[in-house]
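The following exercises are meant for a reader who meets this structure for the first time. Each task is followed by a solution in steps.

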Amino acid sequence: FSFSWQTTFQDGGEEVEDGAVYNVTLKKVQIQQAANKGARWLGGEGDQLPPEHTVRQYETSKIRAIKAGTLEKLVENLLTAFGDADFSYISIFLATYRAFASPRAVLELLLDRFGNLETSSHGEVANLNSLESEMVLRVEIASVLRAWLDQCSEDFREPPDYMCLLKLLDYLKNNMPNSDMESRVQNLLKQFQNQEVETVDGFCSTSSSDLVDGEELEISNPEEFSSFQDHVVAEQLTYMDVMLFRRVVPYHCLGSIWSQRDKKENKNLAPTVRATITQFNAVTKCVISTILGTREVKIQQRAKIIEKWIHIAHECRILKNFSSLRAIISALQSNSIYRLKTTWMCVSKDILLMYEELSEIFSDHDNYLTSRELLMKEATSKFANLDSSEKENQKKSQKRLQLQKNKGVMQGTVPYLGTFLTDLIMLDTALQDYVEGGLINFEKRRREFEVIAQIKLLQSSCNSYCLKPDQKFIQWFRRQRHLTEEESYKLSREAEVAADTNILSPKSQKSMVKRISTLFLGTDMFTPPKEQPLKSSPVGGSSGESTDSASVSSCEFNHSETEDVCVTPVSSPEDPLKKGYDSDKGSISSDKGSDSSKGSGSSKGSIFDPGSGSDSGSIPTRDSGLVPSSAPKVLPVYNRQSGGSCIIRVSMDGLHASVYKSILITNQDRIPDVTQRALLKHNLEPDAAEDYELVQVISEDKELVFPRDANVFYGMNSHVNFDFILRKKA
């Protein structure tokens with residue numbers, strides 16, 4: 001007989017149980033079978049038979065995927081998910097449950113309520129009450145615990161008591177004595193106890209406290225920096241980035257967790273993400289200090305240093321290190337470096353073209369379509385894809401890439417983590433934590449897991465790197481004294497003291513400067529910064545689920561908008577390349593955006609744009625999976641009203657304009673409700689809402705003040721940016 005299968009899926013609606021709602025999908029498999037013998041005699045070719053000579057059979061199975069439920073139901077579903085054919089449920093739950101429960105709460109439910117083999121209320125045990133059912137439950141519990149230890153062992157790192165790990169060990173001794181699981185938990189406990197004070201090869205922090213006795217921070221010596229070969233610098237930056245990125249705990253990136261980091265009680269929250277931010281900032285500030293740190297350097301020498309950093313950025317691209325690549329590009333586009341017009345004129349044309357191509361990787365066009373596609377394309381590839389529009393750069397790139405291939409060692413991919421943090425925070429803002437009946441919205445967690453899965457995939461790829469630390473470079477890197485915003489601006493002015501904004505340059509160089517200016521500001525006009533150095537911006541609070549900036553640092557990145565973790569939010573009109581991390585607060589640092597950006601506000605290619613699938617840079621969907629997503633197809637976005645909702649940005653009057661909180665509003669929301677939510681997100685008392693007025697910023701000299709009970713959705717000006725200010729009434 002010959003067989004052929006055809007599978008179709010049909011929406012089976014919802015099933016509601018006490019404390020849970022399930023999505024049901026009907027999987028229909030059509031099986032065609034026919035006798036091979038005599039096929040040709042019957043008129044068929046090979047195994048193909050006419051329809052009248054085939055037998056069709058249909059098999060239909062039901063797939064249940066929990067959509068929402070109580071914590072008890074979600075934990076119980078860990079034991080029944082395989083029976084419901086929801087094969088990814090355990091991984092999704094383990095990766096996201098920290099957003100709505102603690103490890104202890106989940107472990108107690110799993111072991112005490114559902115895992116007690118003697119008094120379990122689990123359905124199979126209660127109904128069958130047999131040795132066979134106990135064995136089934138034992139296997140289910142073991143499978144969940146094994147997956148937990150494999151995927152999220154960090155959940156049990158609770159020094160100094162390790163209560164969850166000890167509870168788990170006690171359970172295994174009583175119910176699964178002398179098992180492999182028991183010895184594994186004992187080994188994990190010993191490992192954690194030996195690692196209570198963990199370091200990352202001595203470079204996870206760049207503060208002066210990390211220096212050994214006798215060492216002092218110093219301004220970079222150009223000769224010493226020039227002594228390091230470009231590929232060596234790139235490899236060492238990649239080595240540091242890889243070590244930190246592999247240690248990132250995925251749930252630390254969840255929007256509901258990361259957005260809480262600036263509360264006083266959360267100063268130690270998400271340490272693995274903070275470590276990557278610290279490293280990103282260190283690279284950015286190192287670039288600035290090497291270019292500006294020495295006053296005596298001539299213009300041509302300074303241009304050579306810029307060229308060296310562009311070459312290093314290119315080497316990072318070859319190594320598929322998008323984190324340090326973006327850090328270097330961000331530093332070169334910071335205000336103090338950008339304004340070095342005469343220095344940039346001395347940079348060779350070929351290198352400027354290389355720089356422009358590298359910068360285009362992080363273009364904000366179509367929600368960073370280029371960088372998203374490139375990242376996913378190279379996530380699991382052995383080597384970088386270095387297609388270049390410039391023949392000379394293409395030739396050099398291929399030559400360097402061939403050297404890498406000749407070594408016979410595959411490369412991983414280090415992403416720019418800010419992209420994922422933005423997606424997760426936007427998801428957290430747009431989707432509710434709870435649905436009707438107070439049930440936990442697990443569909444939201446499935447959407448978040450799609451992003452978390454990408455992070456895990458890239459972490460796995462980083463195991464392919466084979467890099468060794470160069471202690472000479474690492475010590476040099478740690479010794480660098482980072483310039484403050486005022487210092488770098490002052491040094492930049494001194495370096496350009498002879499330059500005048502009206503100086504005419506040769507046509508070819510002028511064209512290059514014009515292209516650089518366009519790249520920086522999105523306009524053909526160069527707008528010189530103010531003559532006085534900009535003061536440090538105040539630090540704002542953070543709370544709630546938002547895409548917003550938590551603080552503004554004193555680090556100097558102008559002509560941009562402040563965003564969390566060095567990211568530009570979806571649809572942001574500003575150029576995303578002029579960003580940097582706040583090394584102290586873990587947020588991007590910048591000053592107010594350029595005037596040319598006002599009013600643009602396009603949201604084309606938003607991650608929540610229903611017309612932009614994964615091919616256009618959106619968050620990937622589960623359309624290709626067995627279980628269809630029931631999440632809304634149109635999610636609210638910033639700068640666009642759709643489906644009766646949108647996201648606005650609210651900042652507090654008196655704080656830096658770019659320290660904002662993202663608020664989800666609908667066409668039913670009026671001023672008191674929006675004001676209360678905004679105050680709550682800014683860590684202020686919501687009861688004081690009557691003391692504040694909500695104002696939409698129309699332009700630099702125009703504002704729209706809302707009446708007390710106005711409908712914000714219908715009253716706002718939808719033709720300008722959705723930027724609001726909360727101001728105390730006079």
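A residue counts as buried when its relative accessible area is under 20%, as exposed when that area is over 50%, and as partly exposed in between. The exercises apply this scale to a predicted model.

**Exercise 1. Determine whether S143 is buried, partly exposed or exposed, and place it in the structure.**

Step 1. S143 belongs to helix 5.

Step 2. The relative accessible area of S143 is 30%, so this residue is partly exposed.

Step 3. A distance completes the picture: the C-alpha atoms of S143 and I90 are 9.6 Å apart, although 53 residues separate the two in sequence.

**Exercise 2. Describe the overall make-up of the protein and the confidence of the prediction.**

Step 1. The protein has 25 helices and 10 strands. Of its 730 residues, 55% count as buried.

Step 2. Consider the contacts between residues at least 6 apart in sequence: 73% of these join residues at least 24 apart.

Step 3. The average pLDDT is 75, and 67% of the residues score at least 70. Confidence is highest in strand 5 (residues 439-441), at 97, and lowest in helix 23 (residues 507-521), at a mean of 44.

Step 4. Over residues 120-126 the pLDDT is below 50, and this stretch has 17 contacts in the model beyond near neighbours in sequence. Residues 37-42 also have a pLDDT under 50, with seven contacts beyond four places in sequence.

**Exercise 3. Check whether the length of helix 9 agrees or disagrees with its number of residues, and state how many of its residues are buried.**

Step 1. Helix 9 covers residues 230-246. With 1.5 Å a residue, its 17 residues should span 24 Å.

Step 2. The C-alpha atoms at the ends of helix 9 are 24 Å apart, which agrees with the expected span.

Step 3. Helix 9 is mostly covered, with 14 of its 17 residues buried.

**Exercise 4. Characterise the second largest cavity by its volume and its lining.**

Step 1. Three cavities of 30 Å³ or more are found in a search of the whole structure. The second largest cavity holds about 110 Å³ of space.

Step 2. Its lining consists of 12 residues, and those nearest the centre are D241, T276, S323, P415 and L417.

Step 3. Two elements, helix 9 and helix 11 (271-292), give two or more residues to this lining. Helix 11 gives the most, with four residues.

Step 4. By character, the lining of the second largest cavity comprises eight nonpolar residues, three polar and one charged.

**Exercise 5. Identify the buried residues of helix 3 and the helices against which they pack.**

Step 1. Helix 3 spans residues 103-113, and its buried residues are P103, V106, L107, L109, L110 and L111.

Step 2. These buried residues pack against helix 1 (71-80), helix 2 (89-96), helix 5 (131-152) and helix 6 (163-175).

Step 3. An α-helix has 3.6 residues a turn, so residues three or four places apart point the same way. This rule can be applied to P103, V106 and L110, which are among the buried residues of helix 3.

**Exercise 6. Examine the backbone at P160, A270 and N683.**

Step 1. Most residues other than glycine have a negative phi, and most peptide bonds are trans.

Step 2. P159 and P160 are joined by a cis peptide bond, with omega about 0 degrees. P160 lies in the loop between helix 5 and helix 6. Both prolines are in contact with E196, a residue of the loop between helix 7 (180-194) and helix 8 (222-226). E196 is partly exposed because its relative accessibility is 44%.

Step 3. A270 has a positive phi, near 50 degrees, and lies in the loop between helix 10 (255-258) and helix 11. At 2% relative accessibility, A270 counts as buried.

Step 4. N683 also has a positive phi, near 60 degrees. Its place is in the loop between helix 24 (671-681) and strand 8 (692-699), and at 37% relative accessibility N683 counts as partly exposed.

Methods. Residues are numbered from 1 along each chain as its sequence is written. This is a predicted model: local features need pLDDT of at least 70, side-chain atom pairs count only at pLDDT 80 or more; totals for chains, interfaces and linings use all residues. Side-chain values use heavy atoms; hydrogens and water are left out. On a 1 Å grid over the protein atoms alone, a cavity is a set of points where a 1.4 Å probe fits but cannot get out, and a pocket is an open set with protein on both sides within 12 Å along at least five of seven lines; lining residues have an atom within 4 Å of a point. Grid points are joined across faces, edges and corners, and a volume is the space filled by probe spheres set on the points. Ala, Val, Leu, Ile, Met, Phe, Trp, Tyr, Cys and Pro count as nonpolar, Asp, Glu, Lys and Arg as charged, and the others, Gly among them, as polar. Buried means under 20% relative accessible area, exposed over 50%, partly exposed in between (1.4 Å probe, protein chains only). Contact means heavy atoms within 4.5 Å. pLDDT is the predictor's confidence in each residue, from 0 to 100. The expected span of a helix is 1.5 Å times one less than its number of residues.
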